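Grab a pencil and open the viewer. Below are some short exercises, each with a solution you can follow step by step.

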Amino acid sequence: MTEKLIDLRSDTVTRPTPAMRAAMAQAAVGDDVFHEDPTTNELQEILADILGKEAALYVPSGTMSNQIAVRLHCRPGEELLCESGCHIYNYEQGAYAQLSGVVARPITGRYGIFQTEQLQGMIRPEDEHLVRTRLVCLENTHNRGGGRVWPYETLSEVCRWAHQHGLRTHLDGARLFNAVVASGIPARQWAQHFDTVSVCFSKGLGAPVGSALAGPKDLIYEARRHRKLFGGGMRQCGVIAAGALYALQHHVERLAQDHQNAQVLARGVAQIPGLELDPPKVHTNIVIFRVAPELATAEVLVELLAQQGVLMIPFGTHSIRAVTHLDVDGGDVERAVAILGEVVDQLHRRPQPQASGSSHAYGSNPSNE
Ligand SMILES: *Cc1c(COP(=O)(O)O)cnc(C)c1O
């Protein structure tokens, strides 16, 4: 294999560009636990402004950001409501329980989106037998939903209902900027419906490390305490915050390119017999498709693709996820489609393998985020 790998496993695989590395190398730094890292402070201020929040806190990962939010909004013995396919519920080791003594109650959505009516009856009455319902968490875009952008009206209505009923709201906006670019709705407009908002710099934005949690000043003050408790107090983190700041300033609009590449990928997939897009419409940079069970399991197809230099991940027994990002261009995507077509064509021609049925619906791959 002489050609370069086309890595579509996740938008986390991007490497910092030379310009981003230069910004990182030149970053002014100080001890951030003393609030003295100027680059981190600048990043936090700029992000808070973009999201229309009073303050923001830079944290090492999206998981920490979400879990600090859960900790802020809920006490032990309380409950959060979320969509059943979401990251907080599936891919964070049940940290809400492990770290904060909180339980989660999932609501089944369609491609990650649920309706306000589905919240009705979900708030538990005050009763000594019951946990107390406190928080609603939404994910936008929705990863397992195939990068879906929440319909804006639905999202605002869900949040309005939650607030009217005394619940807090948190947005897992790991890919909020993908939603911004795809919808044309500014980040602060999405964010206004939430008490706290988490965003990731290390996904489509292409920074090497970090996420941030934004919200009101008093909550972010508390969030700093929780970050320290969770082991996320960082020192001269301006070096990595500079990558995040660079990403925020230079890599948001270009997400449109990733979305366009995902459309090319989706159109290609849709034309290959035996493959089916699921969801059928791709909104952003995530493409999920099913493989006809008589053809191969996801695991088998992913392995055959890897042998040809195209990396994707199994996302269920017969589902595969591919994600476009900064480090793949239009040519790479066209080549990936061509290779996918050839590999599937060969599967059609060969004697049928036995389905192993061993992979779990929520995957065993570390890059499920
Ligand atoms: C990636 C991701 C996160 C956080 O992931 P980390 O790897 O902890 O940074 C949270 N939510 C969603 C939807 C994600 O895709």
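**Exercise 1.** Find where Pro279 sits, and work out what joins Asp278 and Pro279.

*Solution.* Start with the place: Pro279 is in the loop between S9 and S10. (Strands are DSSP runs of E with at least two residues, helices are runs of H or I with at least four, and both are numbered from the N terminus.) Next, look at the link: Asp278 and Pro279 are joined by a cis peptide bond, with omega about 10°. Before you go on, note that this is a predicted model, where local features need pLDDT of at least 70 and side-chain atom pairs count only at pLDDT 80 or more, while totals for chains, interfaces and linings use all residues. Residues are numbered from 1 along each chain as its sequence is written, and side-chain values use heavy atoms, with hydrogens and water left out.

**Exercise 2.** Look for another cis peptide bond, at Thr141, and then check phi at His35 and Tyr111.

*Solution.* First, a rule of thumb: most peptide bonds are trans, and most residues other than glycine have a negative phi. Now go to Asn140 and Thr141, where the bond is cis and omega is about 0°. Thr141 belongs to the loop between strand S5 (132-139) and helix H6 (152-164). On to phi: His35 isn't a glycine, yet its phi is positive, about 65°. You'll find His35 in the loop between helix H1 (18-25) and H2. Tyr111 also has a positive phi, about 50°, without being a glycine, and lies in the loop between strand S4 (103-107) and S5.

**Exercise 3.** In which order do the four strands of the open sheet run?

*Solution.* Trace them as S9-S10-S13-S12, with antiparallel pairing. (Two strands pair if DSSP finds at least two bridges between them.) Then spot the edges: strand S9 (275-277) and strand S12 (313-314) each pair on one side only. Finally, zoom in on strand S10 (residues 286-291) and strand S13 (residues 319-323), which share five bridges. Val287, for example, has Ala322 in S13 as its bridge partner.

**Exercise 4.** How do the axes of H7 and H11 cross?

*Solution.* Take helix H7 (residues 176-183) and helix H11 (residues 255-270): their axes come within 9 Å and cross at roughly 80°. (Axes are lines fitted to C-alpha atoms, for helices over the stretch in contact, and angles run from 0 to 180 degrees between N-to-C directions.) H7 and H11 are therefore roughly perpendicular; angles from 65 to 115 degrees get that label, under 35 is roughly parallel, over 145 roughly antiparallel and the rest oblique. Who touches whom? Phe177, Asn178, Val181 and Ala182 of H7 meet Leu255, Ala256 and His259 of H11, where contact means heavy atoms within 4.5 Å.

**Exercise 5.** Which residue forms a salt bridge with Asp49, and which with Arg349?

*Solution.* A salt bridge needs a side-chain nitrogen of Lys or Arg within 4 Å of a carboxyl oxygen of Asp or Glu; the count here is 13. Asp49 pairs with Arg188 at 3.5 Å, N to O. Asp49 is in helix H2 (residues 38-51) and Arg188 in helix H8 (residues 187-191), so this bridge ties together parts 139 residues apart in sequence. Arg349 pairs with Asp345 at 2.9 Å, N to O. These two are four residues apart in helix H13 (residues 330-349), about one helical turn.
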